[in-house]
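Visitor: Hey, I've got a structure to look at and no idea where to start. Can you walk me through it?

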Amino acid sequence: MAGRKDPHGTNHDIREDVRAQIREFLGTRRSKVTPEQAGLPVYGGERRRVTGLRREEVALLAGISSEYYTRLERGNATGVSESVIEGIAHALQLDEAERIHLIDLLRGAGTTRPPRRRPAQQHVRPAVQRVLDSMSGTPAFVINGRGDILATNHLGRALFSPVYADPARPPNNARFVFLSPQATEFFRDWDQVANDTVAMLRAEAGRDLYDRRLTDLIGELSTRSEEFRHRWAAHNVRMHTTGVKLLHHPVVGDLDLPFETFPVGGDPSQVLLTYTAEPASPSQDALNLLASWAATNDDIERSTPADDSEPADSNEKTPD
């Protein structure tokens with residue numbers, strides 16, 4: 001996914017990978033739309049070799065030539081106009097997350113930005129940490145696009161204590177979901193969580209093609225988890241900003257917790273994630289019990305903003 005494998009430090013590898021991602025993404029979206037769904041006639045005796053739309057049918061629906069669409073699906077995406085993108089999005093019935101992801105990939109295919117040797121360090125501002133700490137009755141976190149938990153408050157640390165059991169810092173939600181044996185018990189809707197986690201990582205990969213940590217994480221999960229590999233190959237993307245998380249905490253049992261996410265000002269890669277419970281519900285009782293347990297349990301320590309930097313190589317220069 002990243003061009004750092006190129007010994008000459010060029011963009012060849014990264015751009016070839018982006019072209020492959022464009023091809024696979026458009027191919028998987030095309031396979032999901034039938035001619036009937038697209039409003040195209042299908043004749044009884046017609047034999048089709050594809051389950052979804054053909055390239056020429058996408059081109060027809062998008063209002064472009066078949067040759068042009070074929071070149072674009074093969075990754076030759078330089079100079080694609082907004083009207084063409086909107087035509088393809090309409091033809092393939094892309095939702096908002098898929099449309100944004102396609103734009104990200106098309107932009108990446110023509111980028112001239114040099115590969116980043118080391119990712120920028122991420123910090124949570126002290127003022128943001130104070131906001132987290134002030135939300136004493138609400139589990140709250142700051143999370144980046146890779147799923148790293150960069151900061152939390154005391155109740156959040158208690159709620160996600162199984163995630164924090166991994167000594168690696170910062171804790172990573174995707175790594176927990178796919179590599180921890182506790183994940184399927186902690187997330188009662190594990191299959192949905194797994195799908196959402198991969199879809200969010202796929203979207204993040206399109207937004208920042210040069211994030212080495214994200215590349216390394218995807219490589220690790222692909223190597224160690226068949227469940228991850230299967231989902232990653234589907235090229236699904238989605239925005240996951242609100243919903244209900246079904247958890248089973250080892251101390252207080254089941255919790256059904258609505259969640260909301262909010263962007264953190266000044267850092268577009270960070271979001272504030274909060275969990276609440278319906279008033280007077282069993283989940284609220286469990287959350288209150290968890291707060292009492294956390295207040296008296298010596299193993300639950302107040303979290304501080306995490307530094308996900310890595311030791312600098314003395315022979316490596318920081319890129320401009």
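Guide: Sure, and one term before we begin: contact here means heavy atoms within 4.5 Å. Also keep in mind that this is a predicted model.

Visitor: Okay. Which strands does helix H15 lie across?
Guide: Helix H15, residues 282–296, lies across S3 and S4. H15 runs at about 85° to S4.

Visitor: And what order do the strands have in that sheet?
Guide: The order is S2-S1-S5-S4-S3, in an open sheet of five strands with antiparallel pairing. From one strand to the next, the twist averages 30°.

Visitor: Which strands stand at the edges?
Guide: Those are S2 and strand S3 (242–249). Each has a single partner strand, so one side of each is left without a neighbour in the sheet.

Visitor: How many bridges join S4 to S5?
Guide: Five bridges join them, with S4 covering residues 253–263 and S5 covering residues 270–275. The two run antiparallel. To pick out one pair, phenylalanine 259 has tyrosine 275 in S5 as its bridge partner.

Visitor: What about S1 and S2, how many bridges there?
Guide: Three bridges, again in the antiparallel sense, between S1 (residues 140–144) and S2 (residues 149–152). Here valine 142 has alanine 151 in S2 as its bridge partner.

Visitor: How many residues sit between the strands in that hairpin?
Guide: Four residues lie between S1 and S2. In this hairpin, glycine 147 takes a positive phi near 90°.

Visitor: Let's switch to helices. How do people describe two packed ones?
Guide: Two packed helices are described by the angle between their axes and the distance between the axes.

Visitor: So what are the angle and distance for H6 and H12?
Guide: H6, residues 96–109, packs with H12 at an angle of about 35°, and their axes are 8 Å apart. Their crossing is left-handed.

Visitor: Which residues meet there?
Guide: From H6 you have His101, Asp104, Leu105 and Arg107, and they meet Arg202, Ala203, Gly206 and Arg207 in H12. Sorted by class, this contact has two nonpolar, two polar and four charged residues.

Visitor: Is alanine 203 buried or exposed?
Guide: Alanine 203 counts as buried, because its relative accessibility is 8% and the cut-off for buried is under 20%. Leaving aside neighbours within four places in sequence, alanine 203 is in contact with His101 and Val237. Its C-alpha is also 8.5 Å from that of isoleucine 100, although these two residues are 103 residues apart in sequence.

Visitor: And H12 with H13, what are the angle and distance?
Guide: H12 (residues 190–207) and H13 (residues 212–224) pack at an angle of about 145°, with axes 11 Å apart. H12 passes H13 in a left-handed crossing. On the H12 side, Leu201, Glu204 and Ala205 take part, meeting Leu214, Leu217, Ile218 and Leu221 in H13. By class, that contact has six nonpolar, no polar and one charged residues.

Visitor: One last thing: where is threonine 28?
Guide: Threonine 28 is in helix H1, which covers residues 12–32. With a relative accessible area of 19%, threonine 28 is buried.

Visitor: What does the side chain of threonine 28 reach?
Guide: The side chain reaches the backbone oxygen of phenylalanine 25 at 2.8 Å. Not counting residues up to four places away in sequence, threonine 28 touches Ala233, Ala234 and His235.

Methods: Residues are numbered from 1 along each chain as its sequence is written. This is a predicted model: local features need pLDDT of at least 70, side-chain atom pairs count only at pLDDT 80 or more; totals for chains, interfaces and linings use all residues. Side-chain values use heavy atoms; hydrogens and water are left out. Axes are lines fitted to C-alpha atoms, for helices over the stretch in contact, and angles run from 0 to 180 degrees between N-to-C directions. A crossing is left-handed if the near helix is turned anticlockwise from the far one by less than a right angle, and right-handed if clockwise. Ala, Val, Leu, Ile, Met, Phe, Trp, Tyr, Cys and Pro count as nonpolar, Asp, Glu, Lys and Arg as charged, and the others, Gly among them, as polar. Buried means under 20% relative accessible area, exposed over 50%, partly exposed in between (1.4 Å probe, protein chains only). A polar contact is a pair of N or O atoms within 3.5 Å; within protein, one must be able to donate a hydrogen and the other to accept it, and residues adjacent in sequence count only if both atoms are side-chain atoms. Two strands pair if DSSP finds at least two bridges between them.
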